[in-house]
Number of protein chains: 2
Amino acid sequence: MDRVEIAKLFADKEFYAEKTITVCGWIRTIRDSKALGFVDLNDGSCFKGLQVVLEEQNLTNFKDIVKLNVGAAVSVTGTIILTPEMKQPFEMHAQQVEVEGASTPDYPLQKKRHSVEFLRSIAHLRPRTNLFSAAFRVRSAAAFAIHQFFHENGFVYVHTPIVTGSDCEGAGEMFTITTLDMDNVPKTEDGKADFAGDFFGKHTSLTVSGQLEAECMAMAFGKVYTFGPTFRAENSNTPRHAAEFWMIEPEIAFADLAGDMDLAEKMVKFVIRSVLEACPQDIEFCNQFVDKGLLERLEQVASADFGRVTYTEAIELLKKNNGNFEYPVEWGCDLQTEHERYLTEQVFHRPVFVTDYPKEIKAFYMRLNDDGKTVAAMDMLVPGIGELIGGSQREERLEALRQRLQELGLSEEDYWWYLDLRRYGGTKHAGFGLGFERLVMYLTGISNIRDVLPFPRTTGVAEF
Amino acid sequence: MDRVEIAKLFADKEFYAEKTITVCGWIRTIRDSKALGFVDLNDGSCFKGLQVVLEEQNLTNFKDIVKLNVGAAVSVTGTIILTPEMKQPFEMHAQQVEVEGASTPDYPLQKKRHSVEFLRSIAHLRPRTNLFSAAFRVRSAAAFAIHQFFHENGFVYVHTPIVTGSDCEGAGEMFTITTLDMDNVPKTEDGKADFAGDFFGKHTSLTVSGQLEAECMAMAFGKVYTFGPTFRAENSNTPRHAAEFWMIEPEIAFADLAGDMDLAEKMVKFVIRSVLEACPQDIEFCNQFVDKGLLERLEQVASADFGRVTYTEAIELLKKNNGNFEYPVEWGCDLQTEHERYLTEQVFHRPVFVTDYPKEIKAFYMRLNDDGKTVAAMDMLVPGIGELIGGSQREERLEALRQRLQELGLSEEDYWWYLDLRRYGGTKHAGFGLGFERLVMYLTGISNIRDVLPFPRTTGVAEF
């Protein structure tokens, strides 16, 4: 069967005009009046569906077809007719309709508004709705744009491991992975779990970040990135936290913090422009029904010159507004979303990088600045959301890194290979992390992370 | 600093001829004789390095530079000189050399042959060798080619979950994920582990396949694919098995087994051609030092018309050679690598799909053929390796699927959402799985899966 996808019709309607073709898809709506019926047929190739006109005089099985339930899958052969005077630019006049798979009157996705909470309970069906169709198509387009961006810029894509034997990545609570019999965990003499007989012969966890391994690869390939799942076993039941999410982590050698910011800005702009171009119908839907300011905000960010301000300067700017914050700031504190949004939305009116944070509130691997108090870190703040990206120049000086490990009570033995990178041809290098779901939320205006993940995993939830 | 990558020099040497530029990289070899020195500088942007010529008369720090150890990182400013009469097409005459990061005489990667076993023990450094530089660059190029192939063909990229609450994917032994205190696992009244207090409120595992979730998405988007990590807790200490590996799983609606095979053939050819084009230096190295027949085999596969034969026919062909097999075949048996390779290498002399296997040796979700004995499965066999891809048309008929679950003692309750896909607009559909590491091994000729994974996880091994 030579099936034409509906996306192709939208891409080149002139070509298909008056042509007889076959389309396959699912019935979103169906209505009939006497000898005429109308089907909104969606095949998932693009956001919009195809209006199929059923005429009793042309269809031997007209009576059966108009009785089909919403959700049924059909294959329709018919002629494409341009309809410039109508809401939709073209329609199909059916000559033959075959039922691929019926549906039932109790099909859960009837034509009415469903709550996102209800739709989460039927995650296997919700991609057939407008909202989730748009969300997951944007997700896919954004993922491809990221791969394309790094590919075109000469980066090597690296799969860092998901299973990790080190409990010292330091980015959050971790899940244990085991093949031990949970009903009867073997014990050491002092009564602790004995992992010697576990699959990997020791305690292992799910990774929280691929950065340290990505640094190894950057010291060979110069420019690398990871794009894979990461995990947090944190009991954060908020709209912004999931236990399983995807992260992009580029790492560049021979680069400092300024180069890192240049890369992050260029990447974000590229991804926004790519998605606007690839998914105009989806973004338009989100702009209309999810977040009215979405399209304008995305276009502004894609063309803005991002600001740059040090943490110390930012604190001075924020202090002027301390009376209006839930949490007033002072030098040394971590920035909350309210502060981040104030900076980017009220002070800079565009995305802004905040740089050079106090070392106490940042990770051990960030490069110590000459002031001895701050590290070469950066957060990218964007209007509407606050922090989108966090990154830093890495500490490439062996002695400085060892001292930092010592200060934090971390063991050099655990980091022998990470320290090796500083022993053998260590270079200035930098990188950042971008939570992919955060990006998809930003691109769609969707405010709950559960609605941009196909099958979200959160506290107490691992269905499907 | 405006750094030029060495890949750019190879891509357009005429442009850079006589130009003075800066390159940054790591010293692979260094030698000097009196007032002259030679450095092979590699920056990872491509397989080959740049020959840098050091002349005492031009360099104030000549004496220090020629004493540098292998592995040191340097930044070199100099002039590109074309050398058409030499082995390398151009070289750089250095005017200024700065040390980014020194190395030491005990740098583990000295200029000599190291065993792959030794190199696995320094996985953080081995990407700096020729073999692993090629392997991981090919890996990256192949991954991008896969994304590009599906993107250009209108597929939606889907992230299926890594954490799964169902223990019934049926593809192998699974790892348990938990946040319970392993030293003191809470117990139910009957003495079993009590997962009620675990992070997800029940027992969860690492996924072995995203297929079932991908089917949900295919029933909305028509054509989807996954590309993510999957896990097997199998104690298979072989060169072909890893506990963590990446898998590509496309799923297409309105398609049968023939369409599935068309897709698989088209994809494999696209990826091979893309990698040959993107990584000629890497493939050439592998062809010369890893597997002499590699390039010829890849080019043959990329242009071959793949054969198709039923399992039943294949068994008849194999029986004629039963005397020479370690495991003689008969109808009903599973095919071993020796049989697969015999079929593709000796009988067909090209890749071949074997279809319609006995239902007893295949998974529950494969579509039952009209003979009642075989299912619409396919394996793609390729010369040099045997099975590269396994796929099937899925059972879309609700009653047939329920009966199959019952025959195998599987519970309908566990599959409620998977059955729903057959209740509401189920369509003919098909898909396949491609182990990504298997593909990279095929593209490079590398025979051990541990050498195509940046940081391999196998029985007893989860280092770095």
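## Exercises on a two-chain sheet and its interface

In this predicted model, 6 strands make up an open sheet, ordered β7(A)-β9(A)-β8(A)-β8(B)-β9(B)-β7(B), with antiparallel pairing. Let us work through it together.

**Exercise 1.** Work out which strands stand at the edges of the sheet, and why one side of each is left without a neighbour.

*Solution.* Start by reading the strand order from its two ends: it opens with β7(A) and closes with β7(B). Next, look at the partners: β7 (163-164) of chain A and β7 (163-164) of chain B each have a single partner strand, so one side of each has no neighbour in the sheet.

**Exercise 2.** Find where the sheet passes from chain A to chain B, and which residues stand opposite each other there.

*Solution.* Step one: in the strand order, β8(A) is followed by β8(B). Step two: these two strands, residues 176-178 in chain A and residues 176-178 in chain B, pair in the antiparallel sense over 3 bridges. Step three: go residue by residue. I177(A) faces I177(B) in β8(B), while T178(A) has T176(B) opposite.

**Exercise 3.** Determine how the two copies are related, and which C-alpha of chain A is nearest the axis.

*Solution.* First, superpose the chains: a turn of 180° with a shift of 0.0 Å along the axis lays chain A on chain B, with an RMSD of 0.0 Å. The two copies are therefore related as by a two-fold rotation axis. Now look for the C-alpha of chain A nearest that axis: it belongs to I177(A), at 2.4 Å. You met I177(A) in the previous exercise, opposite I177(B). Finally, compare the contact surfaces: 100% of the contact residues of chain A recur in chain B, so the same surface serves both copies.

**Exercise 4.** Describe the interface of chain A and chain B: how many residues are in contact, and what area is buried?

*Solution.* Begin with the contacts: 112 residues of chain A touch 112 residues of chain B. The area buried between them is about 8900 Å², and carbon and sulfur atoms give 65% of it.

Then turn to the polar side. The rule finds 35 residue pairs in polar contact across the interface, both residues at pLDDT 80 or more. Helix α5 (residues 130-152) of chain A supplies the largest share of that chain's side, 11 residues. By class, the side of chain A that touches chain B holds 57 nonpolar, 33 polar and 22 charged residues.

**Exercise 5.** Count the salt bridges across the interface and check one of them.

*Solution.* The rule gives 8 salt bridges between chain A and chain B. Take D183(A) and K192(B), whose closest N and O atoms are 3.9 Å apart. The cut-off is within 4 Å, so this pair counts as a salt bridge.

Methods:
Residues are numbered from 1 along each chain as its sequence is written. Chains are lettered from A and ligands numbered from 1 in the order in which they are written. This is a predicted model: local features need pLDDT of at least 70, side-chain atom pairs count only at pLDDT 80 or more; totals for chains, interfaces and linings use all residues. Side-chain values use heavy atoms; hydrogens and water are left out. Contact means heavy atoms within 4.5 Å. Buried area is the accessible area (1.4 Å probe) that two parts lose on being put together, summed over both. A salt bridge is a side-chain nitrogen of Lys or Arg within 4 Å of a carboxyl oxygen of Asp or Glu. A polar contact is a pair of N or O atoms within 3.5 Å; within protein, one must be able to donate a hydrogen and the other to accept it, and residues adjacent in sequence count only if both atoms are side-chain atoms. Helices (H or I, at least four residues) and strands (E, at least two) are DSSP runs, numbered from the N terminus. Ala, Val, Leu, Ile, Met, Phe, Trp, Tyr, Cys and Pro count as nonpolar, Asp, Glu, Lys and Arg as charged, and the others, Gly among them, as polar. Two strands pair if DSSP finds at least two bridges between them. Copies are superposed by least squares on the C-alpha atoms of residues with pLDDT of at least 70 in both.
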